[in-house]
Amino acid sequence: VLCANLYFPFGQTADGKALLASFLQKHVSSAIKSVDDLHLEYAEAGDLSPEKLLGESGGSRGSGQTSPDLAFHVNGGTGLILIENKLTEHSFYRCSARTKKNDEGRPANPDPERCKGIKGVLAQHQKQCHQYFWGRKYWDILRPVMNTTAMGTLTRCPAATAGYQLFRQQALAEGIAQGKRSDGTQYDFVHSCVALDDRNVTLKRCLKRTGITDLESGWSALFNDQAQAHFKVFTHQDWVAWVRANSAPAIWQSWLDYVEARYGY
């Protein structure tokens, strides 16, 4: 609901899209010139769908597959921004494959503790990652663009106990950036982002036990110069402050009053 309240209205008008574009240009990438479309629970079709790209069979948009809460097509549809939106959540959750329960098509993990041996996973994710046995392709996509030195300093797989959603969205962004759309073209750039409440210190520190103390710089450091999808973090407070400073009061004042009363922004 917060995601819809904060961002969806601005995708409906030219003025709103211009505000989004200027904000994303400052907080995500200077290459962003325009926002063309806004999507909630985003999923591509065809070869870039979560089912084909990530091996997430049996799910649907927004349920059982990696569908970013918010996405923007920018620069005439040549760029894509994927965003995981958070408010009160304590983490990006533990990996679903660290389970001791059998499910149809998804057998139990015989040894969840192996997730804490990051060097073993890096060396042979095909044998050490249970998601791989489930047909998931996250490691297949990300392993070639990993900074093995930075990864080697971690205490566990970055998805294991608190970074599962980040890992999946990073794999989705990287796979989309490397792949071709149905018309045969590629995106000029794809970014994976997190939008969070600046007061949520627990979330910002949730990867500390994994070995990542700063969310943006620590997560970004896990991937090398060959990675095409880059990672950014911004806060909901950043966005509301941007609207307050850069919009015409007659257009957005009632929205500003609402988010201040409801969320304290």
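A salt bridge is taken here as a side-chain nitrogen of Lys or Arg within 4 Å of a carboxyl oxygen of Asp or Glu. The model is a predicted one, in which local features need pLDDT of at least 70 and side-chain atom pairs count only at pLDDT 80 or more, while totals for chains, interfaces and linings use all residues. Residues are numbered from 1 along each chain as its sequence is written, and side-chain values use heavy atoms, with hydrogens and water left out.

The salt-bridge criterion gives a count of 8. One of these joins the side chains of Arg199 and Asp197, with an N to O distance of 2.7 Å. Burial is classed by relative accessible area: buried is under 20%, exposed is over 50%, and partly exposed lies in between (1.4 Å probe, protein chains only). On this scale Arg199 is exposed, at 51%, whereas Asp197 is buried, at 4%. Arg98, Glu113 and Lys116 are joined into one network by salt bridges that share partners. A further salt bridge links Arg106 to Asp103, where the closest N and O atoms are 3.6 Å apart. Arg106 is partly exposed, with a relative accessible area of 29%, and Asp103 is also classed as partly exposed, at 46%. In the salt bridge between Lys86 and Glu84, the closest N and O atoms are 3.3 Å apart. Lys86 is buried, with a relative accessible area of 2%, and Glu84 is buried with a value of 9%.

Glu84 belongs to strand E3, which also has Gly79, Ile81, Ile83 and Asn85 pointing one way and Leu80 and Leu82 pointing the other way along with Glu84. Secondary-structure elements are DSSP runs numbered from the N terminus, helices being H or I with at least four residues and strands being E with at least two. Strand E3 covers residues 79-85, and 7 of its 7 residues are buried, so the strand is largely enclosed by the rest of the structure. Strands are said to pair if DSSP finds at least two bridges between them. E3 pairs with strand E2 (residues 70-74) in the antiparallel sense over 5 bridges, and Phe72 has Ile81 of E3 as its bridge partner. The hairpin of E2 and E3 has 4 residues between the strands, and in this hairpin Asn75 takes a positive phi near 50°. E3 also pairs with strand E4 (residues 189-196), in the parallel sense and over 7 bridges. Here the bridge partner of Glu84 is Val194 of E4.

A nonpolar core is defined as a set of buried Ala, Val, Leu, Ile, Met, Phe, Trp, Tyr and Cys residues joined through side-chain atoms within 4.5 Å. The largest such core has 53 residues, and those with the most contacts inside it are Leu82, Trp139, Ile176, Trp219 and Phe223. Helix H9 (residues 164-178) gives the most to this core, with 8 residues. Contact means heavy atoms within 4.5 Å. Not counting residues up to four places away in sequence, Phe223 touches Leu142, Val145, Met146, Asn147, Met151 and Gln170. Another core, of 33 residues, lies apart from the largest one and has Tyr7, Ile83, Phe234 and Tyr265 among its residues.

In helix H13 (residues 249-263), the buried residues are Trp252, Trp255, Leu256, Val259 and Tyr263. These buried residues pack against helix H1 (2-7), helix H2 (14-27) and helix H12 (236-246). Gly264, just after H13, takes a positive phi of about 75°.

Gln131 lies in helix H6 (residues 130-133) and is buried, with a relative accessibility of 3%. A polar contact is a pair of N or O atoms within 3.5 Å; within protein, one must be able to donate a hydrogen and the other to accept it, and residues adjacent in sequence count only if both atoms are side-chain atoms. The side chains of Gln131 and Ser96 make such a contact at 3.2 Å. Leaving aside neighbours within four places in sequence, Gln131 is in contact with Cys95, Ser96, Ala97, Arg136, Tyr138 and Tyr164. Between Gly58 and Ser96 the C-alpha to C-alpha distance is 15 Å, with a sequence separation of 38 residues. Gly58 is placed in the loop between helix H3 (50-54) and E2, and is exposed at 82% relative accessibility.
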